[in-house]
Amino acid sequence: MSTASNPPSGEDSLIARYFRPLATAPGAFNLDDDAAALKADGEDIVVTTDAIVEGVHFLAGDPPDTLARKALRVNLSDLAAKGATPAGFVLTLALRAVEEDWLKPFAAALGEDAAYYGCPLLGGDTVSTPGPLMISITAFGRVPPGKMVHRAGGQAGDRIFVTGTIGDAALGLDVLRGGPAAAALGNDEAARAALASRYRVPMPRNALARAVRSHASAAMDVSDGLAGDLAKLCAASGVAAVIDVPSIPLSPAAASLVARKVVGIETLISGGDDYEILCAVPGDRVDGFLREAKQAGVAVTAIGGLIAGTSPPSFLDAHGRELALKRLSYSHF
């Protein structure tokens, strides 16, 4: 994302107008170079990348400000689950056309989130495409040496926690597509808007990063579905898990739709785009974790525990019966 050429190209002008104001870190060099520099300051640098693609991660016609926020926040969610503090990001933007009505709100929202989360733009690339719109971000975070929290590390006896609520994003997508949830909610515009917002604009739990780093034995963000992501954490840690399904936190709208049998709990725990934190916490660290979560203002809920074994996670209903899940998570392939 360099503007060093002379005279400026259309790409250079686009970058200078919309994205140079976002490049506030000294290591971004005002986007006048071909690379950025990020100082480690004696810490480990955590790197994560995610792309969002039109028709896969968002709907054609979704507001550009929501796309900017989602693109950055899904990466911030990964950093939070690793216990990392945001340090900056690079952006790749594939556009069909240069349209000010789209770019202006996109860049404004991206700048607002970059400032709010302390994650400045460092550079990137803009390209044209005849295909779907694509936004890819690589984010960098900092942790003390050796303190990044991995998927591996969970042990039998650890308690399993999730932040926020589960399944709202899957329901939000259904609402936006005019599916069963949309029909069941009828004229409840507040519930419809809240669910749609959870799909379009995730709420990364970066305020919890320090608590995760201090107390969790294993963690990851819930992006493809709680059931499937828990299975990944268990596989990496070499353990199994038992989940108390009634303990899984649901929003009032989601709980109502489940109670009315509009959707089943499987839809909520296997749907993607929650971007909550899933973590395992040893028993002797639970009190400290809960205390720091409260101080951070992030709701956390214990939903089960890790056990010895290598079988897939068990999800038990209110009567202790295991749910037979047809699928664990969203999959691209």
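## A left-handed crossing

Helix 4 and helix 6 pass each other in a left-handed crossing. This is a predicted model, and this helix pair is a good place to start exploring it. The axes of helix 4 (residues 168–176) and helix 6 (residues 189–200) come within 7 Å and cross at roughly 110 degrees. That angle makes helix 4 roughly perpendicular to helix 6, because angles of 65 to 115 degrees are put in that class.

Which residues make the contact? From helix 4 come Asp168, Ala169, Leu171, Gly172, Leu173, Val175 and Leu176. Helix 6 answers with Arg192, Leu195, Ala196, Arg198, Tyr199 and Arg200. Sorted by class, the residues of this contact are eight nonpolar, one polar and four charged.

## The four-stranded sheet

Now let us turn to the sheets. Four strands build an open sheet with mixed pairing, in the order 1-4-2-3. Strand 1 (44–53) and strand 3 (121–128) are the edge strands, and each of them pairs on one side only. On average, and with direction ignored, neighbouring strands of this sheet are turned by 15 degrees against each other.

Within this sheet, strand 2 (residues 85–95) and strand 4 (residues 134–143) run antiparallel and are joined by nine bridges. If you would like a pair to look up, Ala94 has Met134 in strand 4 as its bridge partner.

## Two helices across that sheet

Helix 2 (residues 64–81) lies across strand 1, strand 2 and strand 4, and runs at about 145 degrees to strand 1. Helix 3 (residues 100–116) lies across strand 2 and strand 4, at about 170 degrees to strand 2.

How do these two helices meet? The axes of helix 2 and helix 3 come within 7 Å and cross at roughly 40 degrees. Helix 2 is therefore oblique to helix 3, and the crossing is right-handed. On the helix 2 side, the contact is made by Pro64, Asp65, Leu67, Ala68, Arg69, Leu72 and Arg73. On the helix 3 side are Asp101, Trp102, Pro105, Phe106, Ala109, Leu110, Glu112, Asp113 and Ala114. The contact of helix 2 with helix 3 has ten nonpolar and six charged residues, and no polar ones.

## The six-stranded sheet

Further along the chain, six strands form an open sheet in the order 6-8-5-9-7-10, again with mixed pairing. Strand 6 (218–222) and strand 10 (314–316) each have a single partner strand, so one side of each is left without a neighbour in the sheet. Here the average turn between neighbouring strands is 25 degrees, direction ignored.

Strand 7 (residues 240–244) and strand 9 (residues 300–307) run antiparallel, with four bridges between them. One residue to find here is Ile243, whose bridge partner in strand 9 is Gly304. Helix 11 (residues 286–296) packs on this sheet and touches strand 5 (159–163), strand 8 and strand 9. The direction of helix 11 makes about 10 degrees with that of strand 5.

## A salt bridge across the chain

How many salt bridges does the structure hold? There are 14. In one salt bridge, the side chains of Arg205 and Glu276 meet at 2.8 Å, N to O. This pair links distant parts of the chain, with the two positions 71 residues apart in numbering. Arg205 sits in the loop between helix 6 and helix 7 (209–215), while Glu276 belongs to strand 8 (residues 276–281).

Notes:
Residues numbered from 1 in each chain as written. Predicted model: local features only at pLDDT ≥ 70, side-chain atom pairs only at ≥ 80, totals over all residues. Heavy atoms only, no water. Pairing = 2+ DSSP bridges. Axes fitted to C-alpha atoms, helices over the stretch in contact; angles between N-to-C directions. Contact = heavy atoms within 4.5 Å. Parallel < 35°, antiparallel > 145°, perpendicular 65-115°, else oblique. Left-handed = near helix turned anticlockwise from the far one by under 90°. Nonpolar A, V, L, I, M, F, W, Y, C, P; charged D, E, K, R; others polar. Salt bridge = Lys/Arg side-chain N within 4 Å of Asp/Glu carboxyl O.
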